[in-house]
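Q: I'm new to this structure and would love a close look at a single part of it. Could you walk me through that part and then show me what surrounds it?

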Amino acid sequence: MTQEFVDVLIIGAGPSGCVSASYLHNNGTKVKVVEKTKFPRLVVGESLIPRVMDHFDEAGLFPALDAMNFEKKLGARFIRGEEICVFDFSKKFGEGWDWTWQVPRADFDNTLAQEVIRKGIDLEFESEVLAVEFNGSDSITTVKDKDGNMKEIHAKFIIDSSGYGRVLPRLLDLDTPSKLDPHSSIFTHVKDINRPEGEEGTLISFDILETEVWLWVIPFSNGNTSLGVVGPTSFINSLSENKDNAEALKNAIQLSDYYIKRFGGVEFLFEPVKLENYSRSVKKMYGDGFALTGNSSEFLDPVFSSGVAFATESGMLSAKLIHRQLNGEKIDWEVEFTEYMRRGIGVFTTYVKEWYTGNLQTLFFHQPENPDVKEKICAVLAGYVWNQDNPFVKKHDNVIKNMAHMIQLEKEQAK
Ligand code: FAD
């Protein structure tokens, strides 16, 4: 069997794997990326948040992405019947990028992967990790290529960024149930033939159909738009008697007063895909000789588009820690990796939970708007969830609940 030797093996060439690979390569580490599929490949996760720009910039991947003219995302709109709440990333608390992109991920991820290859990194498509054996922090990974040939890759460290492939969580029994309620989604792309002119046509929007059910509308610069419905699994399953995904998504669109005209009659560009009970968690995020990043570790919920940002945050952070470790430094992975990641995940977990209780929606749609509150929530939605100067980060545990409660009390007193 062929034997290969690298410093760091990266499993998966999604945004997480590409950011890690690029950072490590730029800093002189010998990396190899193995990717099971052939790119471009379909993957969900098209609405980015500004925090990702820091990572793409630092990894040296920004110019290649910028050249693609993806649709710029300057904020996000939430719709509830007649009520509208628009967040503008330029009006947020603290430092950080004011914009990002909304992207067809097949093209976006392919751009990242091609740029990684262009830099001289060894990225092998259609190569699947089958098994991993650890000897201390050293590992031997068995990989099958597209012709069925097997090889062994010897590495000093593995970054598992295999997304829902969850290679190491499966092999090392690290999966644990998510603390979030079971939610599911059905999505597809459409040719947006009724797209209105101007901002209305390109604005990324989340239309609340019921407190726990919402529709996403993500227009791309190529004229197509991504449509998806999200809700409790029981609700998503009830959208179509025969569990036909196309019928279910059509039925969901019918529930949207705002979008029924624009999307009621459009054709789906591919058979809608159902992602059932999509939240994931792990018992631990690292071990001797490996780190789990992106969806291979934790995935919460699509409602605030935090998935890719956590993927690139953990991809970048793990790469930096490995680089230091390979240079002889002792790294406290519990403090520098797990605790750091868990702080950010904790903030978004609260926001997701409070979205589905309806408390966050109470804050979003409260009139008159409070600009001070709004800019602080906006910073969280932009992904700046480690900024302890922001009370909506620091006191996330109770600030939303308490404010929603006060708004409800005010409403009752006004009756
Ligand atoms: P991925 O992008 O999934 O990449 C993992 C790669 O690993 C894949 O290419 C896969 O082929 C490869 N792989 C798997 N197994 C193996 C193996 N054995 N060997 C080799 N390679 C392997 N996030 C957002 O930021 N915005 C959104 O709007 C958003 N919407 C979402 C909607 C839904 C319904 C869901 C479920 C998720 C959404 N997400 C969103 C989350 C987003 O999809 C993920 O967080 C993101 O893609 C994770 O990136 P990654 O690099 O970790 O994994």
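Which residue just after H2 takes a positive phi?

A: Happy to help! Glycine 60 is the residue you are after: just after H2, it takes a positive phi of about 75°. Please keep in mind that this is a predicted model. The protein chain has a mean pLDDT of 97, with 100% of its residues at 70 or more, and the predictor gives the complex an ipTM of 0.99 and a pTM of 0.97.

Now step back into the helix itself. H2 covers residues 51–58, and its buried residues are Arg51, Val52, Met53, His55 and Phe56. These buried residues pack against helix H1 (15–26), helix H3 (62–66), strand E6 (100–102) and helix H10 (307–326).

Two of those packing partners lead us on to the ligand. H1 and H10, along with strand E8 (128–135), each supply at least two residues of the shell around the ligand. The largest share, 4 residues, comes from H10. Of the 38 residues in that shell, Gly14, Gly163, Gly165, Gly294 and Gly307 come nearest to the ligand. Sorted by class, the shell holds 17 nonpolar, 17 polar and 4 charged residues.

For a wider view, turn to the largest nonpolar core, which has 112 residues; Val8, Val33, Leu215, Leu227, Val380 and Leu381 touch the most other members. This core lies between domain 1 (2–74 + 101–177 + 279–344) and domain 2 (183–275), because both give residues to it. Leaving aside neighbours within four places in sequence, valine 380 is in contact with Val347, Tyr351, Val385, Phe392 and Val393.

Note on methods: Residues are numbered from 1 along each chain as its sequence is written. This is a predicted model: local features need pLDDT of at least 70, side-chain atom pairs count only at pLDDT 80 or more; totals for chains, interfaces and linings use all residues. pLDDT is the predictor's confidence in each residue, from 0 to 100. A nonpolar core is a set of buried Ala, Val, Leu, Ile, Met, Phe, Trp, Tyr and Cys residues joined through C-beta atoms within 7 Å. A residue is buried if 20 or more other C-beta atoms lie within 10 Å of its own, exposed if 12 or fewer, and partly exposed in between; C-beta atoms are placed from the backbone. Domain bounds come from an automatic or database domain assignment. Two residues are in contact if their C-beta atoms, placed from the backbone, lie within 7 Å. A residue is near a molecule or strand if its C-beta atom, placed from the backbone, lies within 6 Å of it. Ala, Val, Leu, Ile, Met, Phe, Trp, Tyr, Cys and Pro count as nonpolar, Asp, Glu, Lys and Arg as charged, and the others, Gly among them, as polar.
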